[in-house]
Amino acid sequence: MADTSSSYSVPIEAANVFRNGLLASPLTQKHLLDGLLEDYAHTVSFEGPDDPILPVNWRFAESMSALKALEAVYVNVILDRLYGVAPQKVKINTNHVILFIMSLQLWSLDPEGRNVTFMDTRADQDAKDFYLGMFEDFDYYRSLDGPYRCCTSSIYRTADDKFFHLHGSLNPDVVLKMLKLPAQPPNDDDQFQRVLPVFRAALAQWKADDIDNLSNNVIKTAGATCHSLEQFRETDTYRANKHVGLWETFPANQHQQPCWWTNNAGEKPSDPSRPLAGLKVLDATRIIAGPAVTRGLAELGATVLRITSRTVPDATIYHPEFNWGKRNASLDFQSEADRATFKKLILECDVFVSSYRPSVMEKWGFGADEVLELCKQRDKGIIVVRLNSYGWNGPMRERSGWQQISDAHTGVSWEFGRAMGNEEPVTPLFPNSDFCTGVSGICSVLDALVRRAEKGGSYKINLALDYYNNWLTRNVGVYPEPVWKKLHRHYGAPVFRHDDHMLVLIGKVSALLQKHSPEIFDPQYLENRPCPNLGISIQTVKPVLRFDHVVRPGFDIGTRGNGVDEPTWTESRCQVRA
């Protein structure tokens, strides 16, 4: 755990988490390739200021830095074993890592012209129109349109003095109807301070167990009773999943021969600067953690084809950041022809990543086990990655969930609220568990690619937001009390509350960072990235991993909206803006 002396250093502690909390920990070591600590860990170094900078008690910078280091190690394994290239030195800046976690709200469209930012699209209609001219809107139910609808996704106190995290799950109308609330804010006065009392009063009528049952078992929308860390570790869900590290890998179809991937001409990869070039990744994900896995693979050169449906809502606001490096097509699984197209795409891919609930994919014949059976007769194996919120063991495996739900459920939110002096859960600022689960997923795929190359077969990988949060709470932890108090005082000792919406928290914390720690926004961590298909550049956070030479993380194609490409592995015409 963390050094408790006054000489705390974020880079040094990131290295400790990497080596001791990850590579040498029995919890995680069991699902990693042998020899990573001995043969490759020395290639990664950490730099940055000693003092933590993000005003949250959990050691987010150390956690993400360690996971990105694991990603770098796996890239070096592939350089070594596939390309015959000596492992490269890699640097990770811990402030850069924090910006990466914040990157969803740091992009700017056309930075040298219109300069439309994430926050502009929330406050200015012209800016929103400009953004939607680039990215078709799939947020059909206006999940973030105004405080009233936003308040369907937040934490509230219940009648039995517990706390419950509601979640609108991209359709606030479902929660509004469940709570018997009007579709529009009272008196059309849509301000957080005006509408919060409406939701507080509604949840105060319910005991936590009853609203949990109504939400998850009757209405079938996400929601979770909030636990302290001690309470969570008494649950059946924790007990069923506590043996899992960051992911689980299960071999299948072991008759399939060892192989690396090949390009369309059947040629083995030959360009170590883009170490995953030619790898075909089929992406059936949405909302942060899943898209973070596939974007990370694209950053290393993989060919990623994302499949969405025009009948399913999506969070368009995330597309500028998470659709980099991906072609993007639409299919409707209610159509037999489209299901046949999807099967064909599966049969030709190396990696299939899904983040929909198991029952959804199984309904159409695309659950993990069905995909493994479908590909059983292939010469080469397939890597099937599936992601959920609560873990793949125990009574909640089928429930839907999101980052805030996992944070609330596992005790992460409660420990943040407790650190500010209140015995209540508070969502910890940014979608850290989403991003870190995404990087865990990247590592799990790289691990399975090496296993497929050396042992053959196919591999099923289980990812979960809870898996990451369990590792965070057990292997990473919070800052020592003196370090946290110093950090908290640096920002004026702010106290956030349980029903502060995440967008409110992001706004408050971003302002605190600009005022007290503007160095975090150092331009060296940002880049204006060309996006020729949209006819603009986009300012965004640079890739975190900095290799000495050879490897060039980045994206081969620009970000884009959903459904603008053809559902094929061959290059096809895509959306182009003049």
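Reader: Which residues of helix H19 are buried?

Author: This is a predicted model, in which local features need pLDDT of at least 70 and side-chain atom pairs count only at pLDDT 80 or more, while totals for chains, interfaces and linings use all residues. Residues are numbered from 1 along each chain as its sequence is written, and side-chain values use heavy atoms, leaving out hydrogens and water. Helices (H or I, at least four residues) and strands (E, at least two) are DSSP runs numbered from the N terminus, and buried means under 20% relative accessible area, exposed over 50%, partly exposed in between (1.4 Å probe, protein chains only). H19 covers residues 403–410, and 8 of its 8 residues are buried, so it is largely enclosed by the rest of the structure: Gln403, Gln404, Ile405, Ser406, Asp407, Ala408, His409 and Thr410.

Reader: Which residue just after H19 takes a positive phi?

Author: The phi angle in question is about 100 degrees. The residue just after H19 with this value is glycine 411.

Reader: Is threonine 473 buried or exposed?

Author: Threonine 473 lies in helix H22, residues 465–476. Its relative accessible area is 10%, which means that threonine 473 is buried.

Reader: Which side chain does threonine 473 join through a polar contact of 3.2 Å?

Author: A polar contact is a pair of N or O atoms within 3.5 Å; within protein, one must be able to donate a hydrogen and the other to accept it, and residues adjacent in sequence count only if both atoms are side-chain atoms. A polar side-chain atom of threonine 473 also lies 3.1 Å from the backbone oxygen of asparagine 470. The side chain at 3.2 Å is that of arginine 233.

Reader: How are H1 and H22 oriented to each other?

Author: Axes are lines fitted to C-alpha atoms, for helices over the stretch in contact, with angles from 0 to 180 degrees between N-to-C directions. Helix H1 (residues 10–23) packs on H22 at about 110 degrees, the axes being 10 Å apart. Angles under 35 degrees count as roughly parallel, over 145 as roughly antiparallel, 65 to 115 as roughly perpendicular and the rest as oblique. H1 is therefore, relative to H22, roughly perpendicular.

Reader: Which residues make the contact of H1 with H22?

Author: Contact means heavy atoms within 4.5 Å. H1 contributes Val17, Gly21 and Leu22. From H22 come Trp471, Asn475 and Val476.

Reader: How is H4 oriented to H21?

Author: The axes of H4 (residues 60–83) and H21 (residues 432–455) come within 10 Å and cross at roughly 20 degrees. This makes the orientation of H4 to H21 roughly parallel.
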